Amino acid sequence: MIQLIVRRSVASLITIWAVFTISFLVIRSAPGGPFDAERDPPEAVKAAIEARYQLDAPLWQQYLNQGWSWLTLNPGPSLRQPDHDVATILAAGIPASFLLGTLALLLGIILGTILGVIAAWQQDRWPDRVITLFASMGISLPLYVIAGLLILLFAFHLPWLPPAGWTAASSAVLPIICLALAPAAQVARLLRSGLIEASQEDYARTARSKGRGVVGTLLFHCLRPASIPVTSTLGPTAAAMLTGSLVIEQIFAIPGVGMHFIQGAMNRDYPLVLGAVLLYTILLQILTLLGDLLMGWLDPRARVEE
Amino acid sequence: MKPLKTILSALFKDPFTFVAILWLAIVTLTALFLPLLPLELSHETDSTVALNAPSQEHWFGTDALGRDLFSRILRGTRISIACGIAGALTALILGVGYGLISGGGSDRRDHWLMRLVDLIDSIPLVFLVILVASVLRGSALEASGGGLGVFFVILGAVYWTPMARIVRGETRVLRHREWALAATALGVPQKRILWREVLPNLMPTIIVTVTLIVPRVLLFEAFLSFLGLGVQSPAVSWGTLARDAFEVLNPVQTAWWLILYPSVTLALTLLALNLLGDQLRKRLDPKQR
């Protein structure tokens, strides 16, 4: 167990280091500096700017300096909002993004589990077909299509919910639902096939012959083995939700990390973009590790193998 | 592998698959031959007809600048389809090449090349791509029109690892089959065996994988363009059309057609590609048959 955590943490650190190095090289190899768009400043001003952002040092020194400042969580000011520190800007976005992501993930798992169980129970009958159709649409459609249709329906056609913003609790409903649909569809699909497979195992038949009902067998005997494939995709699902949150924060004007990230990318605010990329990478590594630990708890075979 | 004819006739017999193939053919042909089609397309801005609902004159309505949405969707089709094809081709070349080199080489080389793929897969490439897109923004490369080309390659570069994994796995199995061993015994060089014997046998797997990569590239293009980091104006893609639609979204005047039509076009194409990919897998993959 501890060995697994240590080994995975080392792998995560290598990944994070690789992301930092690639990002650093990409930014530095950019044709022209981030200030090229401004009117040509006098030489002295240009030199002062470059000195402030350490753009005049040799490449390896910039790399080491930047690496150190990120390690100590002191990445310096943003390029476009020089009065604000990158860490402060990102930290200001975390509460909204965290709330949105966690609630959407919870809703997605709950909804996906319910739908998956219903689909497996009603296999090949109309509820199953409807759920399977819904799941394949939820996976294959872009998020903005779903969000656009929901806004048209529930914000404009039926004026029940606000179409954008992050003020009242009601304004969080639509974004959370939109973000939860894709993981719900994913969970429902995997759980359905897992449950159907498990319900043909000997232990399921034994449970049925003991007198346990169909739903009872599914819930108390098949759900745990069937949730193993679901857990193993927690990493990719989390990654998809992080990308999804970029679109959702844009559409619903939510002041989260994703909004700052995209804003920074549009403005070529490299420190801010690099910070967001690192933040997302670390988050993803943690979530993947959690998924693996959860899997070891669900499936003893995965523990032995590691 | 079954003869191509049998597979095609089986695909055409299934009504859903037939409709999917028909739709994909229409979209691809439109993208290819758009300038030759007998359609009156106007790309002029005309403020007198801004945000008009669908009518006889403008089938899909007009956008905020009075441009005909139907014409814009057709133009967007060209770039979106080009992105899908170019991205899939990049993934195809990178993935198949890497997979053959890794799976066809020594165990040691295979091990390290696959560890490298593991590392790449653990990197959230989407965020790095956004970083690259922001670096490319307003650079000399983008101004010269090379930005779109770089964009295509980026799209493919994101999705090559699954292809590499699949090709590598199959190669390792196939090169130990009797016919490959026989060729080795006859003194055929390993490279030639990989290229002339193993690769043709990989074709069914490769075709299925490519069919399933295209929709993912299309989705990714739409995602980036929607965020404003992909295809840049004046070029149009299905993603930028959706972005334009959300910019004028307000409760006073609901321009529903601006969201609906580009979205439905993209959605139908994605569903058709996924359906075709699944059907091809059923017919071509020996394990699924």
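What is the hand of the crossing of α10(B) and α12(B)? The points below take up this crossing, a second helix pair and the chain interface.

1. This is a predicted model, in which local features need pLDDT of at least 70, side-chain atom pairs count only at pLDDT 80 or more, and totals for chains, interfaces and linings use all residues. Residues are numbered from 1 along each chain as its sequence is written, chains are lettered from A and ligands numbered from 1 in the order in which they are written, and side-chain values use heavy atoms, with hydrogens and water left out.

2. The crossing of α10(B) and α12(B) is left-handed (the near helix is turned anticlockwise from the far one by less than a right angle; clockwise would be right-handed). Helix α10 (residues 190-227) and helix α12 (residues 256-284), both of chain B, pack at about 165 degrees with axes 9 Å apart. Axes are lines fitted to C-alpha atoms over the stretch in contact, and angles run from 0 to 180 degrees between N-to-C directions. The two helices are therefore roughly antiparallel (over 145 degrees). Helices are DSSP runs (H or I, at least four residues), numbered from the N terminus.

3. In chain A, helix α1 (residues 2-28) and helix α3 (residues 59-71) pack at about 135 degrees, with axes 11 Å apart. Their crossing is right-handed.

4. Between the chains, 39 residues of chain B contact 39 residues of chain A (heavy atoms within 4.5 Å). The buried area is about 3400 Å², 83% of it from carbon and sulfur atoms; this is the accessible area (1.4 Å probe) that two parts lose on being put together, summed over both.

Notes. Parallel < 35°, antiparallel > 145°, perpendicular 65-115°, else oblique.
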